[in-house]
Amino acid sequence: MASPDLREVADSFVAGIPNLRDQVDQLVRSIAPGSVATYGDLAKSLGDIAASRWVATYLLDPTCRVADFSHRVVRSTGEIGLHYSGSSETKTELLRAEGVVIAKETVHLETYRAQLPPIGRSLSELKAWQLDFESPAEPAFRLEDIEAIGGIDVSYGKVQAVAACSRMQVDGKTTIGTQTYVGAAEFPYITGYLAFREIPLHLNLLADMQVAGTLPDVLLVDGNGRLHPRRMGIATMLGGLAGIPTIGVAKKLICGVLRVPELRVGKWEPIVVSKDQPDEILGYAIVPHTKTKHPIYVSRGFGVDDQAMLEIVERCLNGHRSPEPIYWADRESRRHASTL
DNA sequence: GCGACAG
DNA sequence: ATCTTGTCGC
């Protein structure tokens with residue numbers, strides 16, 4: 001299997017990501033004076049209610065390009081909510097001036113709710129992309145053939161972000177080296193869509209490593225793999241795009257439930273879709289050491305079976321909560337980002 | 001009122 | 001993820 005030019009993979013991936021800010025701007029401008037929409041209405045027009053918190057955050061930012069129209073966006077309860085000016089009274093007065101009746105700081109949504117236009121090429125399309133994503137054939141993974149285990153993470157500075165990949169020997173604990181890549185993270189963080197925020201940085205870093213001949217044989221990714229609402233977390237998508245075996249390692253549970261009531265330090269326990277489906281295992285949780293009560297959540301990314309996955313992660317556990325490659329990538333990317 | 005979700 | 005002080009513990 002010819003390995004792909006990762007710079008080209010990065011460029012074409014980026015080309016397929018919509019600009020959510022532009023789309024929210026367009027939607028907000030479409031709300032006529034005298035009517036309102038909710039943050040959730042806008043998110044649904046983008047294609048996923050999960051974006052509602054980001055929409056609210058964006059519209060409350062004073063530098064937002066549609067700040068002058070953002071008073072027309074209220075909470076799902078009809079409550080006026082916050083305003084970029086810092087004053088809900090200002091927001092209320094702006095709405096009243098446009099003829100909207102407000103009682104008890106609340107709008108009657110049934111009366112004033114605007115009809116929003118549909119948006120093409122947005123979150124709905126990204127969701128479909130995740131559901132339809134076709135991973136290339138997974139080459140047989142042979143644990144005895146690997147020479148380097150990588151860990152990849154992203155930290156954020158004022159303007160730009162830094163991706164770092166640290167490589168360790170097969171013992172999982174001996175450092176070989178770290179490479180970094182600085183770039184912009186354009187796409188916002190929305191639960192379930194982390195891949196579209198961080199993979200552009202990941203792929204460009206991996207492209208640099210491809211040139212340098214330093215690509216690891218397996219990559220631990222800060223985030224989930226199969227343990228994802230659509231079974232397509234960042235680790236799975238990155239591995240499929242780059243053709244590199246990956247494992248997802250997260251610090252918080254995004255979905256699913258623990259199959260057992262309690263975790264024991266150092267013991268893997270399955271995470272399943274629900275108590276009713278105890279056989280569909282999405283990933284595994286483990287409390288890595290005595291110092292912490294917090295588990296990590298590990299799931300298959302691409303090209304590695306569950307048994308090899310757990311063996312690799314175990315080798316990398318060395319007194320920190322995260323496996324060493326991720327621990328170091330996090331440390332280095334954060335240190336670099338703090339200087340930006 | 002509560003659940004409630006990677007980075 | 002980031003914003004943030006001192007503080008508790010190994």
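In this predicted model, chain A is assigned two domains. Domain 1 covers residues 19–120, and domain 2 covers residues 139–337. Their C-alpha centres are 37 Å apart. Seven residues of domain 1 and eight residues of domain 2 make up the contact between them.

The largest nonpolar core holds 59 residues. Seven of its members touch the most other members: Val55, Leu59, Leu123, Ile199, Leu203, Leu206 and Met237. Helix 8, spanning residues 194–212, is the main contributor to this core, supplying nine residues. Both domains take part, as domain 1 (19–120) and domain 2 (139–337) each provide at least three residues to this core. A second core is separate and consists of 22 residues. Among them are Ile149, Val304, Ala308 and Cys316.

Leu206 illustrates the contacts of one such core member. With residues up to four places away in sequence left out, Leu206 touches Leu6, Ile152, Leu215, Leu219, Leu238, Ala242 and Ile244.

Asp222 was examined next. Asp222 lies in strand 8, which runs over residues 218–222. The relative accessibility of Asp222 is 15%. Buried means under 20%. Asp222 therefore counts as buried. The side chain of Asp222 forms a polar contact with the side chain of Lys251, at 3.2 Å. Lys251 also appears in the wider set of contacts of Asp222, which leaves aside neighbours within four places in sequence. The other residues in that set are Ile152, Asp153, Leu194, Ile234, Val249 and Ile326. Ile152 is thus listed for Asp222 and also for Leu206.

The surroundings of DNA strand C complete the description. Four residues are found around DNA strand C: Ser155, Tyr156, Lys291 and Arg334. By class, the residues of this surface are one nonpolar, one polar and two charged. Lys291 and Arg334 both place polar side-chain atoms by the strand, at separations given here for each. For Lys291, a polar side-chain atom lies 3.2 Å from a sugar or linking oxygen of DNA strand C. For Arg334, an N or O atom of the side chain is 3.4 Å from a phosphate oxygen of DNA strand C.

Conventions
Residues are numbered from 1 along each chain as its sequence is written. Chains are lettered from A and ligands numbered from 1 in the order in which they are written. This is a predicted model: local features need pLDDT of at least 70, side-chain atom pairs count only at pLDDT 80 or more; totals for chains, interfaces and linings use all residues. Side-chain values use heavy atoms; hydrogens and water are left out. A residue is near a molecule or strand if one of its heavy atoms lies within 4 Å of it. A polar contact is a pair of N or O atoms within 3.5 Å; within protein, one must be able to donate a hydrogen and the other to accept it, and residues adjacent in sequence count only if both atoms are side-chain atoms. Ala, Val, Leu, Ile, Met, Phe, Trp, Tyr, Cys and Pro count as nonpolar, Asp, Glu, Lys and Arg as charged, and the others, Gly among them, as polar. A nonpolar core is a set of buried Ala, Val, Leu, Ile, Met, Phe, Trp, Tyr and Cys residues joined through side-chain atoms within 4.5 Å. Buried means under 20% relative accessible area, exposed over 50%, partly exposed in between (1.4 Å probe, protein chains only). Helices (H or I, at least four residues) and strands (E, at least two) are DSSP runs, numbered from the N terminus. Domain bounds come from an automatic or database domain assignment. Contact means heavy atoms within 4.5 Å.
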